[in-house]
Amino acid sequence: MKNVKLNNGVEMPILGFGVFQVSDLKICEKAVADAIEVGYRLFDTASVYENEEVVGNAIKKCGIKREKFFITSKVYMPEMGYENTKKSFENTLSKLKTDYLDLYLIHMPFGDYYGSWRAMEELYKEGKIKAIGVSNFTSDRIVDFCYNIKVIPAINQIEIHPFYQRDEEIELLKEYKIQAQAWAPFAEGLNGMFTNPVLSKIAKSHGKSVAQVILRFNIQRNIIVIPKSIHKERIEENFNVWDFELNSEDIKAISELDLKRPQMVDTRSVSEVRRIYGFKDNPVITSL
């Protein structure tokens with residue numbers, strides 16, 4: 001497994017396992033257990049996913065030492081603000097059955113995220129979190145944020161996939177030494193991603209799947225990826241991306257697929273902001 005070094009020196013696997021919208025708790029725990037068996041050590045969850053407890057169960061039961069894992073969770077909008085975030089963090093630790101997190105993120109750039117960040121900075125300095133970061137922050141929010149805080153985020157976890165590659169935003173993150181991480185690197189298969197002729201042709205030329213090509217594309221751009229699946233054969237497939245490399249022609253062809261606009265979340269869209277605030281009551285993936 002390749003690691004990336006964050007801006008505070010902490011090393012993080014470049015390939016991990018996500019559990020977004022795996023709401024059936026038995027299925028979620030089995031998927032995480034399967035992923036551990038395959039070799040994943042980075043696991044990404046969030047308070048709003050309501051599956052932190054079973055992620056913690058699977059990790060606790062596997063018999064592998066806690067320090068071998070890199071566990072990420074996130075604080076959601078109703079938990080924004082200094083006191084709320086402190087409480088939410090303790091709840092997350094309890095559910096995950098751990099006394100520290102490797103990475104803790106502000107999930108969305110809404111609400112009192114400055115108050116949340118102050119709480120996270122304190123928890124970081126106390127050693128309860130190894131690294132702190134943000135998610136879904138656009139470039140303008142990143143710049144403003146970095147002017148007003150003490151600890152620069154280690155991560156910005158954002159929508160990145162072949163149809164939305166965000167080259168300029170990633171360059172800005174590099175300027176601030178913030179690592180880019182791709183959530184939903186397959187964009188839930190929207191716009192026919194898994195049958196796209198360009199991706200299919202490249203996959204065939206390497207004897208790999210389209211999913212493996214997508215993951216490899218991001219890995220070669222030094223972007224952390226956290227694919228999700230509940231099927232063990234797909235979990236294994238997504239992990240087996242180390243025995244091939246995309247060439248310059250492959251990279252160029254995939255780069256030309258970029259639509260340069262979000263496909264899943266647009267935090268500047270009024271309808272999307274409303275959808276995000278109502279997500280717990282109506283878990284629609286996107287209104288775009």
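Buried means under 20% relative accessible area, exposed means over 50%, and partly exposed is what falls in between, with a 1.4 Å probe and protein chains only. Keep that handy for the exercises below.

A word on the setup: this is a predicted model, where local features need pLDDT of at least 70, side-chain atom pairs count only at pLDDT 80 or more, and totals for chains, interfaces and linings use all residues. Residues are numbered from 1 along each chain as its sequence is written, and side-chain values use heavy atoms, with hydrogens and water left out.

**Exercise 1. Find the salt-bridge partner of Asp167, then say where both residues sit and how accessible they are.**

Step 1: Apply the cut-off. A salt bridge here is a side-chain nitrogen of Lys or Arg within 4 Å of a carboxyl oxygen of Asp or Glu. Asp167 pairs with Arg221, and their closest N and O atoms are 2.6 Å apart.

Step 2: Place the two ends. Asp167 belongs to helix H6 (residues 167-175), while Arg221 is in the loop between helix H8 (210-220) and strand S10 (224-225), so the bridge ties together parts that are 54 residues apart in sequence. Those element labels are DSSP runs numbered from the N terminus: helices are H or I with at least four residues, strands are E with at least two.

Step 3: Check accessibility. Arg221 comes out as buried because its relative accessibility is 19%. Asp167, at 41%, counts as partly exposed.

**Exercise 2. Work out what Glu29 pairs with, and which elements the pair links.**

Step 1: Glu29 and Lys61 meet through their side chains in a salt bridge, 2.7 Å from N to O.

Step 2: Glu29 lies in helix H1 (residues 25-38) and Lys61 in helix H2 (residues 52-61), so distant parts of the chain, 32 residues apart, are linked.

Step 3: The two ends fall in opposite classes: Glu29 is buried at 17% relative accessibility, whereas Lys61 is exposed at 63%.

**Exercise 3. Identify the network that contains Lys128, and give the count of salt bridges for the model.**

Step 1: Start with one pair. Lys128 bridges to Glu126, with the closest N and O atoms 3.9 Å apart.

Step 2: Classify both residues. Lys128 is partly exposed at 31% relative accessibility, and Glu126 is partly exposed at 48%.

Step 3: Widen the view. Glu90 joins Glu126 and Lys128 in a network of salt bridges. The count for the model comes to 18 salt bridges.

**Exercise 4. Describe the largest pocket and the second largest pocket by volume, lining and residue class.**

Step 1: Sort out the terms. On a 1 Å grid over the protein atoms alone, where a 1.4 Å probe is used, a pocket is an open set of points with protein on both sides within 12 Å along at least five of seven lines, and lining residues have an atom within 4 Å of a point. Grid points are joined across faces, edges and corners, and the volume is the space filled by probe spheres set on the points.

Step 2: Take the largest pocket, at about 690 Å³. It has 37 lining residues, and the closest to its centre are Phe20, Ala184, Glu188, Lys228 and Met264. Helix H9 (232-239) and helix H11 (270-277) are the elements that give two or more residues to this lining, and H9 gives the most, with 3 residues.

Step 3: Now the second largest pocket, with about 380 Å³ of space. Its lining has 17 residues, and Tyr164, Arg166, Glu169, Lys260 and Pro262 are the closest to its centre. Strand S8 (155-159) and H6 each supply at least two lining residues, with H6 giving the most, 3 residues.

Step 4: Split by class. Ala, Val, Leu, Ile, Met, Phe, Trp, Tyr, Cys and Pro count as nonpolar, Asp, Glu, Lys and Arg as charged, and the others, Gly among them, as polar. The largest pocket's lining divides into 21 nonpolar, 9 polar and 7 charged residues; the second largest pocket's lining has 4 nonpolar, 4 polar and 9 charged.

**Exercise 5. Locate Asn136 and list the polar contacts of its side chain.**

Step 1: Asn136 sits in the loop between strand S7 (129-135) and helix H5 (139-147). Asn136 is buried, at 9% relative accessibility.

Step 2: A polar contact is a pair of N or O atoms within 3.5 Å; within protein, one must be able to donate a hydrogen and the other to accept it, and residues adjacent in sequence count only if both atoms are side-chain atoms. The Asn136 side chain makes such contacts with the side chains of Ser135 (3.2 Å) and Trp183 (2.9 Å).
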